[in-house]
Structures are given as C-alpha cells and as structure tokens.
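Got the viewer open? Here is a short tour, one selection at a time.

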Amino acid sequence: MLLHSQLSAAELRNKIHKNEILLGGNKKLKIYGLLRCQSGKRMKKENRVFFTDVQEAFQNGYRPCGHCMKEEYQQWKSNSKAI
C-alpha cells in the first residue's frame with residue numbers, strides 16, 4: 001500500500017505507467033476502486049492510497065467501491081451478510 005502524500009507527481013505517473021499501481025483507495029473509509037472512478041478522484045490527497053492489486057487491498061482490510069466496481073461490491077456485500 002502506497003500513500004499518495006508520500007509520492008511525487010512524477011513518481012505516481014511513473015508507477016501508473018508501469019502498472020505498479022492499478023487501484024486507488026480511501027484510507028479513512030477503507031474502500032478501494034479503479035483509478036478512473038469519479039468518487040476516488042474527489043477524495044483528499046491525504047486520504048488516498050494506492051494498491052498493486054485486489055489481493056493487496058483485501059489484505060489491508062479494504063472493500064470494493066460500489067460505484068466503479070459494482071459486481072465486486074455486490075459479491076463483497078453478499079459475503080459480508082453471510083458472516
């Protein structure tokens with residue numbers, strides 16, 4: 001997990017270009033989603049984190065975004081109700 005506040009703009013672009021960053025997340029809400037998600041683009045920089053993959057996000061206790069990852073969110077929601 002990488003904190004946005006600890007990356008320069010050039011480092012961030014480079015990591016996205018090299019596919020080292022594929023997902024973004026909100027560290028306060030514990031939600032992750034696609035980099036193009038409008039919800040994610042509105043969050044404050046100090047709350048934004050980045051992940052390499054879904055497994056990394058899950059390992060850190062994040063859930064899928066209900067806006068940009070609808071199917072994954074519905075599956076997560078169904079699984080969390082079963083517990």
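How many helices and how many strands are there in the chain? Colour by secondary structure and you should find four helices and five strands. Keep in mind that you are looking at a predicted model. Trace the chain along the sequence and the pattern reads β-α-β-β-α-β-α-β-α.

**The whole chain**

Before zooming in, stay with the full view. Along the principal axes, the C-alpha atoms fill a box of roughly 45 × 25 × 20 Å. The radius of gyration is 13 Å, which agrees with the value near 12 Å for a compact globule of 83 residues. Switch on a surface if you like: the chain exposes about 5,700 Å², and carbon and sulfur atoms supply 50% of that. Of the 83 residues, 31% count as buried. As for contacts between residues at least 6 apart in sequence, 55% of them join residues at least 24 apart.

**Strand β4 and its partners**

Now select residues 48-51, which make up strand β4. Which way do the side chains point? Arg48 and Phe50 go one way, Val49 and Phe51 go the other, and all of them are buried. That is the usual picture, because side chains in a regular strand alternate between the two faces of the sheet.

Next, add residues 2-3, strand β1. Strands β1 and β4 run antiparallel and are joined by two bridges. Put Leu2 on screen and you will see Phe50 of β4 standing opposite.

Then bring in residues 23-26, strand β2. This strand also pairs with β4 in the antiparallel sense, over four bridges. Here the residue to pick is Asn26, which stands opposite Arg48.

**Asn47, just before the strand**

Step back to Asn47, in the loop between α2 (38-42) and β4. Is Asn47 buried or exposed? Asn47 counts as buried, at 12% relative accessibility. Leaving aside residues up to four places away in sequence, Asn47 touches Gly25, Asn26, Lys27 and Lys28, so show those four together with it.

**Two positive phi angles**

Most residues other than glycine have a negative phi, so the next two stops deserve a click. Start with Asn19, which is not a glycine and yet has a positive phi of about 60 degrees. Asn19 sits in the loop between α1 (9-17) and β2 and counts as exposed, with 52% relative accessibility.

Move on to Lys30, where phi is likewise positive, near 60 degrees. Lys30 belongs to the loop between β2 and β3 (31-34). With a relative accessible area of 35%, Lys30 is partly exposed.

**The cysteines**

Last stop: show the sulfur atoms. How many disulfides does a search of the whole structure find? The search comes back with zero. Select Cys65 and look for the nearest cysteine sulfur: that of Cys68, 3.9 Å away. Because a disulfide needs the two sulfur atoms within 2.5 Å, Cys65 is in none. For Cys68, the nearest cysteine sulfur is that of Cys37, 3.7 Å away, and Cys68 is in no disulfide either. As for cover, Cys65 is buried, with a relative accessible area of 7%, whereas Cys68 counts as partly exposed at 23%.

Notes: Residues numbered from 1 in each chain as written. Predicted model: local features only at pLDDT ≥ 70, side-chain atom pairs only at ≥ 80, totals over all residues. Heavy atoms only, no water. Buried < 20%, exposed > 50% of the residue type's maximum accessible area, 1.4 Å probe, protein only. Pairing = 2+ DSSP bridges. Rg over C-alpha atoms; globule rule 2.2 N^0.38 Å. Contact = heavy atoms within 4.5 Å. Areas by Shrake-Rupley, 256 points an atom, 1.4 Å probe, with all protein chains shown as cover.
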